[in-house]
Structure formats: structure tokens, C-alpha cells
Amino acid sequence: MSRIIVKEMTARTTLRVVCAATVLMMGLAAGVWIGAADEVNVTLAGHFGGEVDAVAVSGNYAYIEQRYDFVVLDISDPAAPSELGRLSIDGFICDIVVAGNYAYIADGYKGLVVVDISSPAAPALVGNYDTAGIAYDVNIAGDYAYVADWENGLVVVDISNPTAPAFAGNYNTAGGAQDIAVAGDYAYIADGYNGLVIVDISNPTAPVLAGNYDAKGYARDIAVAEDYAYIADGSNDLTVVNISSPTAPAFAGSYNTAGYTYVVAVAGDYAYVDDDFDLVIVDISNPTAPTFAGSYDTVGKATDIAVAGDYAYVTDGYSFEIVNISNPNTTTLVGSYGAATYALGVAVSGSYAYVADYDNGLVIVDISTPSTPTLAGSYNTAGHACGVAVLGSYAYVADYYNGLVVVDINNPNAPAFTGNYNTAGIAQGVAVAGDYAYVADWENGLVVVDISTPTAPAFAGRYNTAGGAEDIAIAGDYAYIADCWKGLVVMNLSNPTAPALAGSYDTTGGANDIAVAGNYVYVADDCNGLVILRIEEDWKNEWMGKDSDGGTAVTTNELQDAIHHWLGDIPVRGYIMSSTDLQDIIAIWISG
């Protein structure tokens, strides 16, 4: 049986590749130009899915953030929200406010961004003002946008001309401004450990401090209604502050949630707050003694809440959910929107990308137009989709505790369950070749599954890597496994029912992803970065090793065969023999 020799690239070569990869990743989102020996211009072609963390509602439309995208949804039918328009924005959308025909976006390091939404199907970027800090939140009053700009405090922007927003004023709070509410002549700021900061904005060009209240916890979000400010105060729960005298805010009441509270919205007699993975409704008809009214178990931890009429519109990282709150005691999910929110693996075949999307299972995306990828269909597996491979009419999903799941993708719009094999451990990665699926199973190493009958996948073989197998790639007769504790493990698959160890290399950290191209293996190591390894099959064994006719000697026939390969540039298992290689063989022939 042939052996595998694994060699790490030189430190200098590895460093050059890692640095280039780092610069590339930093430039992808911004579409920057990267110069190297071969100049490459890298630009973003398209984007699909991502975390959903911000929402604003106006009429029949909801405006949400999906990572780098501003998305317009039609919510005229709350049970079936549908996408109308989408705009990719350079930055990280933290908050959205709608006023008239414009959406104003707190866009992280990019400051305030203005989007024309007069045509919901075609939102267009029309203006931008780059604040000096990190724009976390925004509120609109008249011709001014009030931005919570983290370490830069309150920034006031003149938006009388939305296409040319301009600086108007600034007040630097002592904490980290994360959220803002405006009422009358005052701006109320959730300022982190500095609590509630009240700023007089009667002259927007010269805002001044009016009052401050130390909320004891970490003021993350704020809502104002009449004489009260409602603060999402982290571990200190929901805190109610009397602001009837803005210069002397005072404690009014509180509600103790079970977990951390970071988001709050107020409508009528109720406050809507996040409580770990619940939306909690608090009766504030008596602000000095708020009480529990109801709750709804969201998919993830709520990141933003908007309330309109009988519905609460909630983003929770994973999705956008519409919850009927007409009766706080019996809240129900009405509709939701979201796909590819926690993508852990992807395979591309034809015009489709197949995404392993953890809790959402297999998500299929139409990429026939790369600039506008669209959802084609999905199949929610019973486990957590961690990896995916596609061969023919089937997608093979590594589904965590649920093992290997086979999905029929003949109709990408309606993928259907076909078969399942429980690998008995934690299936994290999968590769397919011929009649076999090779599963990287955390607890059981390499598990080989016979998929010749996709409806009845069956055990074929196994090799326990004794580490934590996370990902796998197949090339020829070999499987290359990223094993968290063992690094790279190479398996000979010439007999899939009896996989055998061929080689290994300790990447020193935690190997968790892998790719193979030619004679090189690229390993993502969580502590050691990108590790690049050269793989060489020990082909010289045929002439000068234990597998040669003469054992450790070289026979005349073997020497003639070696010369023939050298003269004709005939590859041996993909390797072209060099003059140095031939000299090594001749030296052993002479000495033997």
C-alpha cells in the first residue's frame, strides 16, 4: 500500500499566502483592488442571506437588515411576508428609521446612510454622512437625524436635503452611545455603563447636557412614552425612569426579566423586551409597577422590535418574525422571513448553490444571476446541517447528531427527503465520490456510507481518527480530513470498506476546514491560521523502496523503467520525475 508524505510549506511561503488571504478577506466586502505579482481586482458579485438584526415598519412594508443588505418586505399579508426589493450597502446596518420616502440607516463605521424607498421594489442609495464614530442607532425629528455614534456620543445631521446630509452638531457623552429616542426638545440616549443621558436639542447645532441617570446596569436600548423612559439595561433588566423633569430624571420602577435585556419597544400600555430567547410583554399601565403580561419564544435572541397595530415585528439574528400580540396572553407566530442565516457549508452545482444552514437545514439558492441570488427551495433536516455535498440528483447533508441525510434535488424548488444514515456521532462534514459518501464524524472519525441506493444508505467502513473530525475532502484514492486535535489526517480509500491511514500532519492548533488543489492541501486552523501542506505520494517505492523488485536495491529493469519515465516526462501518480530523482535511483542501482 502506498504511503503519503506530508510537507509543510516554508515559513516564508506560508506567511506570504496567509497575508494575501487576510488582505483578500478584508477587501471582499468593500470591493477593493488588490495588487500582487498577478494583479487581481476583487469585487462583490452577489449576496444571499445573513443575520437579521434590524427592522422598521411603515404601512404595508417592513424594512430589515440582512447582514450587508437593506431588504424591503411586503407585509400586507402578515402570514406570508415577501421580498420586494434589496440593496447591498457598504458597512454594517445597525438600525433603520423610515421618514417619508426615505430610510435612514445607522451603518456602523460608515455613519448615516440615506436610501430612497419611494419605489419599494428598487431602493436606491442617495446620501451618506460619515460620522467619526460607529453609528449604532438613529432617530429623525424634522430636518435632523440624531445618531447614537458610540464613543463619539450624539451626532446631529442636517437632512433637509436627504441627498446631501451635513454635520449640524455634536455632544460627546461619557459612555458609548448605543441607542437614541427623541421627544420634544430632548434626545434620550442609552449610553452603556453611563446609563441614561438626556441632551437638550432645542438648538440642534449646539446640543447640551440636560440630565443623567445611572441605570446601574448597561443601558443598551431605550424607548420614551410621555413622562417615562424605558431602558433595556442588560443584567439590570427593564428600568423605568421618570423624565417629567429632564434635568432631574428619577427612578420610577423596574421589571426583572430572567435573562439579559438589550431591546425594548413601547406601544400603548405595553413594553416589549427581549429576555434571552423570549419576547416578553410587560404591562406598563402603571409605570411604577410593571407586570408580566405575556411572552413568545423567538427562534434566536431578539435584536430589534417594532410594534404596529396587532403585530410585533421581531428580528432575532436568525430570521424576521411577525407575532400577533392582539392578546398578550396568547401570542402566536403569524409569519416569518429568513434564509441562510447560519450557513456552515456550501456546494455549487449548475445554477444552484446548496447551503448547509444549521437550524434551517438545506437551503437552495438560484445563482443563475450571481448579482441577485434568490431562494429556490429548502428542506429542514431533523438535525443541524453542518456540511453538504452534491452528486447527480441528490444532496448529501452532514446533519450533526442526525448523521447523513440524503435529499432529492431533482426539483430545486421542492427538495424532498430520500434517506438517512445515523453515523452514531456528530456528522460535521461530507464528501461524495462514486457510490460512497465519506462523513467527517466528530466522535467516530471517518465514516464511509454506501449510497448506491440513495433511499437506503448503509454502513460501508470506518476509521477512527481518535481526534475530532470536522471536515473532509476527497482527491483520487485519498480522503483528507481536518481533525480538530490531530490536524490533517490522510486516509487511503482504495478499498472504501476498509479505509487505512496513509499519513498525517499536526497543524498545532484546531484544524476545522480543508480544501485540496493539486498537490496542496489548505487547512484552516483556528489557532495557527491557514496552513498550506504539500502532499507527495511515495512513488519512489516502486523503484527504490520496500515495494520494488529488489527491495531496498534497484534492479536493472526498474532502472530502465525509471529512465523511460524520465525521458518521456511520464507522470507517476501525477508526479513528474526530476533529474535529481533519477540520480537518486541510479545511485542505489550502482551501490546495489
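**Exercise 1. A tyrosine and its partner**

Decide whether Y193 is buried or exposed, then find out how its ring is paired.

*Solution.* Start with accessibility: Y193 has a relative accessible area of 67%, so it is exposed. The classes used here are buried for under 20% relative accessible area, exposed for over 50% and partly exposed in between, with a 1.4 Å probe and protein chains only.

Before going on, note that this is a predicted model, in which local features need pLDDT of at least 70 and side-chain atom pairs count only at pLDDT 80 or more, while totals for chains, interfaces and linings use all residues. Residues are numbered from 1 along each chain as its sequence is written, and side-chain values use heavy atoms, with hydrogens and water left out.

Next, the rings. The whole structure holds 16 aromatic pairs. In one of them, the ring centres of Y193 and Y218 are 4.5 Å apart and the planes stand at 75°, so the pair is edge-to-face. Distant parts of the chain are linked by this pair, with Y193 in the loop between β17 (186-190) and β18 (196-200), Y218 in the loop between β19 (208-213) and β20, and the two positions 25 residues apart.

As for the terms, rings of Phe, Tyr and Trp (its six-membered ring) pair if their centres lie within 6.5 Å; planes under 30 degrees apart count as stacked, over 60 as edge-to-face and the rest as tilted. Helices (H or I, at least four residues) and strands (E, at least two) are DSSP runs numbered from the N terminus.

**Exercise 2. A second geometry, a cluster and a charge**

Classify the pair formed by Y394 and Y396, then look for other arrangements around aromatic rings.

*Solution.* First, the geometry: Y394 and Y396 are 6.5 Å apart centre to centre, with 55° between the planes, and this pair is tilted. Then the surroundings: Y394 is partly exposed at 22% relative accessible area, whereas Y396 is buried at 3%.

Elsewhere, Y61, Y63 and F70 make up one aromatic cluster. Finally, R220 lies over the face of Y262, 4.5 Å from the ring centre. The test for such a charge is NZ of Lys or CZ of Arg within 6 Å of the ring centre and within 35 degrees of the ring normal.

**Exercise 3. The largest pocket**

Describe the lining of the largest pocket: which residues lie nearest its centre, and which strands supply it?

*Solution.* Begin with the volume, which is about 1100 Å³. A pocket is an open set of points on a 1 Å grid over the protein atoms alone, where a 1.4 Å probe fits, with protein on both sides within 12 Å along at least five of seven lines; lining residues have an atom within 4 Å of a point. Points are joined across faces, edges and corners, and the volume is the space filled by probe spheres set on them.

Now the lining: it has 41 residues, with D95, D137, D179, D221 and D304 nearest the centre. Sorted by type, the lining has 27 nonpolar, four polar and ten charged residues. Here Ala, Val, Leu, Ile, Met, Phe, Trp, Tyr, Cys and Pro count as nonpolar, Asp, Glu, Lys and Arg as charged, and the others, Gly among them, as polar.

Last, the strands: at least two lining residues each come from β4 (52-58), β8 (95-99), β12 (137-141), β16 (179-183), β20 (221-225), β24 (264-267) and β28 (304-308). The largest share, five residues, belongs to β4.

**Exercise 4. Buried residues and their contacts**

Place V264 and A177 in the structure and list what each one touches.

*Solution.* V264 sits in strand β24 and is buried, at 6% relative accessible area. Beyond neighbours within four places in sequence, V264 has contacts (heavy atoms within 4.5 Å) with D221, I222, A223, Y230, A232, L238, Y272 and V273.

A177 is in the loop between β15 (166-171) and β16, and at 0% relative accessibility A177 is buried. Leaving out the same four-place window, A177 is in contact with residues including Y136, W150 and I189. The C-alpha atoms of A177 and Y136 are 7.6 Å apart, although 41 residues separate them along the chain.

**Exercise 5. Positive phi**

Find where A424 and A466 lie and state their phi values.

*Solution.* Recall first that most residues other than glycine have a negative phi. A424 has a positive phi, near 75°, in the loop between β39 (416-421) and β40 (427-433). For A466, phi is positive too, near 65°, and the residue lies in the loop between β43 (458-463) and β44 (469-475). A424 is exposed at 63%, and A466 is exposed at 58%.
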